[in-house]
Amino acid sequence: MTETVSIALAGAGLMGRRHAAAIAAVTEARLAAVVDPDTAARDFAGQRGVPWYPDLAGLLENARPDGIVLATPNQLHEAQGLDCVAAGLPMLIEKPVATTVASAQRLVDAADAAGVAILVGHHRRHNPLIRKAKALIDDGAIGRVVAVHGQCWLYKPDDYFDAQWRREAGAGPVFINLIHDIDLLRHLCGEIVSVLARDSRAVRGNAVEDTAAVVLTFENGALGTVLVSDTVVGPWSWEMTAKENPAYPQTDEACYLIGGTHGSLELPNLRLWHQGEERGWWQPITADAIGVTAADPIIQQMRHFCRVVRGIEEPLVSGREAVRSLSVIEAIKAAAR
């Protein structure tokens with residue numbers, strides 16, 4: 001690839017700035033513009049030496065980047081995505097791809113009909129440790145998957161909720177956080193066919209939950225539990241265990257446990273528990289630490305997006321694949337209601 005891919009950034013919030021840093025970190029891409037009505041975003045664009053537009057229409061009328069990152073509030077994804085489809089602009093859309101399956105399906109169908117690529121920002125799939133975990137499970141290292149547990153306990157500070165959209169339908173830790181975990185559990189353990197769920201908004205009292213508990217049934221017969229809360233002080237979340245984002249304090253805990261008939265796997269620390277030839281509750285059990293070469297998945301995702309824009313690769317997480325994860329989230333919300 002001899003030419004850099006020009007990428008516009010819509011949404012210069014927490015994730016948007018991580019995407020901007022990823023664009024700056026790879027030789028394949030350059031930041032073309034920033035789209036965000038906030039004056040802080042205008043200043044950010046000035047610091048980066050690129051044009052600033054208060055809205056997407058302004059960008060599409062005045063510039064033609066090769067691709068765009070939509071890191072805007074979830075509720076805007078469908079309308080903005082459809083505008084990008086009309087402009088023939090390949091997209092990296094932050095998860096969730098939309099706030100409802102119906103909305104996401106409209107966007108994905110339009111993109112497919114127009115031949116416009118959508119990559120959805122389930123960036124954890126780009127982490128080398130997830131590739132290794134997937135290979136271990138697929139190769140039978142733990143036998144048949146029987147039981148799964150995922151945990152996402154963290155405490156979001158009060159000022160996180162100063163942005164009104166984070167307190168409204170279409171936000172909440174199920175949409176914003178748990179969807180990452182659901183996507184990875186689907187990827188690692190197979191499709192999810194039914195859910196039971198309860199949620200609570202007892203602590204913050206917003207229109208969306210602050211805590212949810214879910215029971216999952218997988219297509220292969222495995223059962224799983226997941227717990228998510230953004231009002232718990234604790235070390236058991238991907239953010240605090242995977243060492244992906246230096247903004248978070250790091251712990252040596254695990255947040256996923258995947259149990260099988262021949263062993264169990266802890267993630268993200270990649271500890272593989274197993275016994276010898278004879279399995280049984282009185283038999284010795286040991287753990288092997290599986291090593292991988294670390295790489296920032298946001299940067300890996302950006303490199304992949306550049307290849308998607310160039311037509312060299314198909315999206316690792318396509319719009320249709322993201323709809324499958326969103327359908328599980330929608331089922332969780334329905335079950336909780």
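Arginine 204 touches Tyr155, Lys156, Asp158, Phe161, Asp210, Asp230 and Thr231, where residues up to four places away in sequence are not counted and contact means heavy atoms within 4.5 Å. This arginine lies in the loop between β8 (192-200) and β9 (211-218), and in these names helices (H or I, at least four residues) and strands (E, at least two) are DSSP runs, numbered from the N terminus. One of the residues that arginine 204 touches is Thr231; arginine 204 and threonine 231 are 27 residues apart in sequence and 8.2 Å apart in space, C-alpha to C-alpha.

The model shown here is predicted, so that local features need pLDDT of at least 70 and side-chain atom pairs count only at pLDDT 80 or more, while totals for chains, interfaces and linings use all residues. Residues are numbered from 1 along each chain as its sequence is written, and side-chain values use heavy atoms, with hydrogens and water left out.

A second loop residue is glutamate 244, which lies between α8 (238-241) and β11 (256-260). At 10% relative accessibility, glutamate 244 counts as buried, where buried means under 20% relative accessible area, exposed over 50%, and partly exposed in between (1.4 Å probe, protein chains only). Leaving aside neighbours within four places in sequence, glutamate 244 is in contact with Arg18, His123, Arg124, Asn127, Trp238, Asp296 and Pro297. The C-alpha atoms of glutamate 244 and glycine 311, on the other hand, are separated by 28 Å, with these positions 67 residues apart along the chain.

In the loop between α8 and β11 there is also lysine 243, which has a positive phi of about 60° although it is not a glycine. Lysine 243 is exposed, with a relative accessible area of 51%. Leucine 270, in the loop between β12 (264-267) and β13 (271-274), likewise has a positive phi, of about 55°, and is not a glycine, but at 2% relative accessibility leucine 270 counts as buried. The loop between β12 and β13 also holds proline 268, and the peptide bond from leucine 267 to proline 268 is cis, with omega near 10°. Another cis peptide bond joins lysine 95 and proline 96, with omega about -10°, and proline 96 lies in the loop between β5 and α5.

Turning to the helices, two packed helices are described by the angle between their axes and the distance between the axes. Helix α1 (residues 14-25) and helix α2 (residues 39-48) pack at an angle of about 10°, with their axes 13 Å apart; axes are lines fitted to C-alpha atoms, for helices over the stretch in contact, and angles run from 0 to 180 degrees between N-to-C directions. That makes α1 roughly parallel to α2, since angles under 35 degrees count as roughly parallel, over 145 as roughly antiparallel, 65 to 115 as roughly perpendicular and the rest as oblique. Arg17, Ala20 and Ala24 of α1 make the contact with Ala40, Ala41, Phe44 and Arg48 of α2. These residues divide into five nonpolar, no polar and two charged, where Ala, Val, Leu, Ile, Met, Phe, Trp, Tyr, Cys and Pro count as nonpolar, Asp, Glu, Lys and Arg as charged, and the others, Gly among them, as polar. The buried residues of α1 are Gly16, Arg18, His19, Ala20, Ala22 and Ile23, and what covers them includes β1 (5-10), β2 (29-35), α2, β4 (67-70), β5 (91-93) and α9 (297-309).

Helix α7 (residues 172-189) has 18 residues, which at 1.5 Å a residue should span 26 Å, and its end C-alpha atoms are 25 Å apart, which agrees; the expected span is 1.5 Å times one less than the number of residues. There is nevertheless a kink of about 50° in α7, centred on leucine 178, where the bend at a residue is the angle between axes fitted to the seven residues ending there and the seven starting there. Because 18 of the 18 residues of α7 are buried, this helix is largely enclosed by the rest of the structure. Just after α7, glycine 190 takes a positive phi of about 110°.

The axes of α7 and helix α6 (residues 128-138) come within 9 Å and cross at roughly 35°. Ile130, Ala133, Lys134 and Ile137 in α6 meet Leu184, His187 and Leu188 in α7.
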